[in-house]
Amino acid sequence: MVSDRGLEVLRAIVQDYVAMREPVGSKSIVERHAFGVSAATIRGDMALLEEEELIVAPHTSSGRVPTDKGYRVFVDRLQRMQPLTHAQRVGITRFLDEAVDRADVLDRTARLLSQLTNQVALVQVPIRRHTLVRRVELVAVVEHKLLAVLILDSGRVEQRVVDAQQRIEPDEANALGRAFTEQVAEHSPAEAVQRLAGAAASAPMSLKAATAAVAQALTEMLQTGGGDRIVMAGASHLVREERDFHGTVTPVLDAIEEQVTLLRLFDEMGAEGEVATRIGRELTGALGEASVVASTYSTDGIEGHVGVLGPTRMDYAGNMAAVRAVARYLTRLLSED
């Protein structure tokens, strides 16, 4: 078990490492923080933190840096999320109030959040509630290929060639298209995504592979071109912080271009409280070296998300406060609109 003082040492290590980007040693902790004990005592606390895998030495005989687990303990138990300053609140109000329409509001929100945090800012643009799915059409093209066509009542049409993983006859494709239409017609894209999972689960064994492949393709179309999208700003901040990532930051940049991945992540984080965080290994793939802070806002009775993405070495308290404040103001502004 880590003592109360040990947790305060962890707080000091996180704060100093975020501020200076240098491994933190016991001597610098004694000099910078009023613990009232010797450097030897602090080294003992650091040894216990290392045993708990909350900090690690990046090099032999170096100071210590927080691990993903250490950042998680800091966020959940130690960080103090301070409200934004009066000047920051006034700046948010003035900048967003100058928007000429809703699209401009969301674009400005992304740019503003990036400026406040020096991170990549992400703003989900939720599809309007009145948009419904009209029907799904499937056309057998060649061998294992199907053309999946998604039609919304707004007149928008999305289509994609799908590898069905099995041979599909034209009449089977037509029947499968009708089955999907029965599941998703007259539902919003968000509702349709949820119902697609049921359609795949109840498919006959003979069409199991094809049904799963089509359900995946329709989900992606509903969540991107057919549904929500994400406005992004500040990708250059990641490039400036490239040394916080192992090797190159390119895989992270590629990952955030995958809007489906980010939309799914936002959906998962939406149930985790007013301000949610995912740190390092809590994310998957190339994002496993990054952290995401997100909150929700409401427009037209549906929820969207705002958040920031950056290296695990980020100012969590400041970023969480900024994300929360911007989300709250965005809800008020869109409600007034």
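**Exercise 1. In which sense do strand 4 and strand 5 pair, and over how many bridges?**

Before starting, keep in mind that this is a predicted model.

Step 1. Find strand 5 at residues 145-152; its pairing with strand 4 is antiparallel and runs over seven bridges.

Step 2. Look at individual partners. Leu138 has Ala148 of strand 5 as its bridge partner, and Val139 stands opposite Leu147 in strand 5.

Step 3. Follow the chain from one strand to the other. The hairpin of strand 4 and strand 5 has four residues between the strands, and Glu143 takes a positive phi near 45° there.

**Exercise 2. Work out the order of the sheet that holds strand 5, and say which strands stand at its edges.**

Step 1. Turn to the other partner: strand 5 and strand 6 also pair in the antiparallel sense, over seven bridges. Here Ile151 stands opposite Val157 in strand 6.

Step 2. Put the pairs together. The three strands form an open antiparallel sheet in the order 4-5-6.

Step 3. Read off the edges. Strand 4 (133-140) and strand 6 (157-163) each have a single partner strand, so one side of each has no neighbour in the sheet.

Step 4. Add the turn between neighbours: on average it is 20°, direction ignored.

**Exercise 3. Is strand 5 largely enclosed or not, and which helices lie across it?**

Step 1. Check burial, where buried means under 20% relative accessible area. Six of the eight residues of strand 5 are buried, so the rest of the structure largely encloses this strand.

Step 2. Look for the helices. Helix 7 (residues 170-184) lies across strand 4 and strand 5, at about 165° to strand 4. Helix 9 (residues 208-223) lies across strand 4, strand 5 and strand 6, at about 150° to strand 6.

**Exercise 4. Describe the five-stranded sheet and the helix that packs on it.**

Step 1. Trace the order, which is 7-3-10-9-8 in an open sheet with antiparallel pairing.

Step 2. Mark the edges: strand 7 (229-233) and strand 8 (275-279) each pair on one side only. Neighbouring strands are turned by 20° against each other on average, direction ignored.

Step 3. Take one pair as an example. Strand 8 and strand 9 (residues 290-299) pair over five bridges in the antiparallel sense, and Ile279 has Ser291 of strand 9 as its bridge partner.

Step 4. Now add helix 12 (residues 259-269). Helix 12 packs on the sheet, touching strand 3, strand 7, strand 8, strand 9 and strand 10, and its direction makes about 100° with that of strand 7.

**Exercise 5. Is Gln124 buried or exposed, and what does its side chain contact?**

Step 1. Place the residue: Gln124 lies in strand 3.

Step 2. Compare its area with the cut-off. The relative accessible area of Gln124 is 2%, so this residue is buried.

Step 3. Look for a partner. The side chain of Gln124 makes a polar contact with the side chain of His305, at 2.5 Å.

**Exercise 6. Which element gives the most to the largest nonpolar core?**

Step 1. Start with the core itself. It has 53 residues, and those touching the most other members are Leu10, Ile13, Ile29, Leu113, Val293, Val306 and Tyr316.

Step 2. Name the contributor: helix 13 gives the most, with 11 residues.

Step 3. Zoom in on one member. Leaving out residues up to four places away in sequence, Ile29 touches several residues, including Val9, Phe35 and Met46.

Step 4. Look elsewhere for a second core. Apart from the largest one lies another of 26 residues, among them Leu152 and Ala215.

Methods
Residues numbered from 1 in each chain as written. Predicted model: local features only at pLDDT ≥ 70, side-chain atom pairs only at ≥ 80, totals over all residues. Heavy atoms only, no water. Pairing = 2+ DSSP bridges. Helix = DSSP H or I, 4+ residues; strand = E, 2+ residues; numbered from the N terminus. Axes fitted to C-alpha atoms, helices over the stretch in contact; angles between N-to-C directions. Contact = heavy atoms within 4.5 Å. Buried < 20%, exposed > 50% of the residue type's maximum accessible area, 1.4 Å probe, protein only. Polar contact = N/O pair within 3.5 Å; in protein donor to acceptor, adjacent residues only side chain to side chain. Core = buried A, V, L, I, M, F, W, Y, C linked by side-chain atoms within 4.5 Å.
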